[in-house]
Amino acid sequence: MNCNDIVFSKKVLLKEGALYKIFPASIEISGNQIINVTKLSLESYQASIQKETELKNRNTHDFGDRIVTPAFINCHTHVAMNFFRTFFQQNSKSNNIIEEFFYKAESALTPDDVRAFARIGAYENILNGNGLIWDHYYYGNEIANACSDVGISAVIAPTIQDLSGPGMKFHQEMINETIEIFSNSTFEKAGIYSAFGPHATDTVSKDMWLKILNLSEEYKIPIHTHVSQSLEEVSRIYKKYKKTPIQYLDSLGITKNTASNLFVHCIYLNNSDLKILQAKNNSLVFCPFSQLIFQSPANIIEWDKHKIKWFIATDCVASNDSMNLQKELKLVAGFPKFQPTFSLNSKLISKFSDKTKKQFLKDTLKINKTYHKFSDPSFLLHKVFEGPGTFHNFFKTGIIQTGALANLIVWDVDHPALWPCDNFPKILAMGDTTGAIYNMMIGGKWISKNGNFIHGLLNSDKYQSHLNEAKLRLKHLLKKL
């Protein structure tokens with residue numbers, strides 16, 4: 001197999017055991033995949049480049065001291081929901097913004113609207129270093145087409161609803177589209193795959209859940225769904241089945257799905273739920289800033305204590321106004337430090353004594369132990385790299401190794417956001433570094449111009465055409481609302 005490209009860098013972020021470390025290396029790429037990774041010594045680095053240049057049988061890229069990493073994975077998005085930015089604040093008094101606000105606006109969307117808005121959402125993800133998204137929304141084929149138009153890898157879960165919500169009228173179409181995306185070889189070459197997307201436990205019927213489970217196991221593609229995301233959902237399921245949403249899914253066999261499940265939010269869980277979710281085929285998704293706005297944060301400390309697999313994502317701009325995964329990582333890193341704010345601190349001050357001080361110090365030591373784990377760069381990066389990148393049965397990404405999608409970021413080490421670049425994994429996990437992107441490769445294709453990544457992308461004729469269409473469609477949509 002002939003390579004299309006070979007990338008050299010003295011600083012490539014590779015996984016060694018559980019840790020991310022920097023090595024000199026070459027990365028060989030054919031089509032949309034990495035076909036070989038070779039660690040080099042600094043002494044052999046230049047000789048390897050010279051040999052490759054003399055062969056002249058593939059495109060050679062020498063990035064020198066610039067750092068090469070996997071692109072981020074945003075494993076729960078609704079990229080077409082960016083249009084809510086226009087009027088979200090003045091219409092956000094509802095206690096349940098999903099049912100009382102989102103549904104009304106979404107009922108007015110056309111498939112062409114979704115494609116136009118999703119393109120802009122895909123660009124926003126790319127500009128934040130996200131090379132692959134797991135998207136969950138109506139009109140799945142149009143989301144897939146939008147991702148293909150822009151050039152981002154994706155797992156598309158067309159939203160399925162048959163009890164309530166805007167998707168009720170076309171739920172069978174969304175099932176069909178899931179299978180169509182899965183079977184589309186053009187999408188596969190573009191790094192676009194599918195997952196089954198039941199909306200939530202209270203908007204999908206029991207019969208539909210069982211149908212989706214059978215299809216998921218038949219096609220070996222995951223279920224991607226919201227679970228326990230609102231008090232209303234928990235109340236409805238308990239009233240009807242005398243079970244929590246997780247217990248309900250477990251009773252249907254969903255939690256034992258051999259094709260795996262991506263359960264998003266899981267804000268309201270009890271100990272029984274946590275034990276059920278320990279099964280290796282289940283993974284949870286935490287969207288920190290989104291949950292702060294539309295409900296309350298899930299207890300990821302308990303998730304971790306129960307050794308549940310979990311990843312980090314942004315959700316949609318309608319609830320957190322950003323596709324930047326790095327800000328989510330910082331909140332996760334500091335999450336354990338929130339614990340004393342409303343309990344330990346107040347107890348210490350309300351009755352300052354040797355006893356309360358001793359208990360405070362004991363509890364603080366326990367919290368610090370969790371904090372040191374949560375703030376570890378490799379712990380954080382795994383949740384936006386290899387963790388979600390190896391969850392799907394038909395591809396892997398988020399890691400630079402043979403067989404993975406060629407989704408890479410090249411970082412400019414001279415950018416002030418990276419200086420001094422002595423501990424790059426920590427900077428990547430705790431910094432705001434997307435302004436330092438020198439270029440990105442997604443699915444074996446370079447997205448923009450070396451050293452002019454942002455402006456090269458935004459000044460392109462393709463982006464300007466996509467932006468103009470989105471503006472026009474938004475103008476017409478707002479007239480209908």
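**Salt bridges, cores and loops in the predicted model**

Arg-236 and Asp-202 meet through their side chains in a salt bridge, 2.7 Å from N to O; the term covers a side-chain nitrogen of Lys or Arg within 4 Å of a carboxyl oxygen of Asp or Glu. Arg-236 sits in helix H8 (residues 231-241) and Asp-202 in the loop between E10 and H7, so the pair ties together parts that are 34 residues apart in sequence. Helices (H or I, at least four residues) and strands (E, at least two) are DSSP runs, numbered from the N terminus. Arg-236 is partly exposed at 37% relative accessibility, while Asp-202 is buried at 11%. Here buried stands for under 20% relative accessible area, exposed for over 50%, and partly exposed for anything in between, with a 1.4 Å probe and protein chains only.

A word on the ground rules: this is a predicted model, in which local features need pLDDT of at least 70 and side-chain atom pairs count only at pLDDT 80 or more, whereas totals for chains, interfaces and linings use all residues. Residues are numbered from 1 along each chain as its sequence is written, and side-chain values use heavy atoms, with hydrogens and water left out.

Across the whole structure, the search turns up 19 salt bridges. In one of them, Asp-149 pairs with Arg-119, with 2.9 Å between the closest N and O atoms. Asp-149 belongs to helix H4 (residues 140-150) and Arg-119 to helix H3, so this pair links parts that are 30 residues apart in sequence. Both Asp-149 and Arg-119 are buried. Another bridge, at 3.2 Å from N to O, brings together the side chains of Glu-469 and Arg-473. These two are 4 residues apart in helix H21 (residues 461-480), which puts about one helical turn between them. That fits the usual geometry: an α-helix has 3.6 residues a turn, so residues three or four places apart point the same way. Glu-469 is partly exposed at 28% relative accessibility, and so is Arg-473 at 24%. Through shared partners, salt bridges join Asp-112, Asp-113, Arg-115, Arg-119, Glu-142, Asp-149, Glu-469 and Arg-473 into one network.

Turning to the interior, the largest nonpolar core holds 110 residues, and Trp-310 and Trp-411 touch the most other members. A nonpolar core, for the record, is a set of buried Ala, Val, Leu, Ile, Met, Phe, Trp, Tyr and Cys residues joined through side-chain atoms within 4.5 Å. Helix H3 (residues 111-127) supplies the largest share of this core, 9 residues. Apart from this core lies another, of 18 residues, including Phe-23, Ala-25, Ile-34 and Leu-408. Leaving out residues up to four places away in sequence, the contacts of Trp-310 include Phe-286, Trp-303, Phe-374 and Phe-379, along with the polar or charged Ser-283, Asp-304 and Lys-383; contact means heavy atoms within 4.5 Å.

Helix H7 (residues 206-219) has 14 residues and should span 20 Å at 1.5 Å a residue, and its end C-alpha atoms are indeed 20 Å apart; the expected span is 1.5 Å times one less than the number of residues. Buried residues in H7 are Met-208, Trp-209, Ile-212, Leu-213, Leu-215 and Ser-216. They pack against strand E8 (153-160), helix H5 (171-183), strand E10 (197-198), strand E11 (223-227) and helix H9 (245-251). Just after H7 comes Lys-220, with a positive phi of about 60°. Lys-220 lies in the loop between H7 and E11 and is partly exposed at 49% relative accessibility.

Ser-260 also has a positive phi, near 85°. This serine falls in the loop between H9 and strand E12 (261-265) and is buried, with a relative accessible area of 7%.

Thr-433, in the loop between helix H19 (424-430) and strand E16 (437-442), is buried at 0%. Its side chain makes a polar contact of 2.8 Å with that of Gln-326; such a contact is a pair of N or O atoms within 3.5 Å, where within protein one must be able to donate a hydrogen and the other to accept it, and residues adjacent in sequence count only if both atoms are side-chain atoms. Beyond its neighbours within four places in sequence, Thr-433 touches Trp-411 and Leu-418, among others. The peptide bond from Trp-419 to Pro-420 is cis, with omega near -10°, and Pro-420 is in the loop between strand E15 (408-411) and H19.
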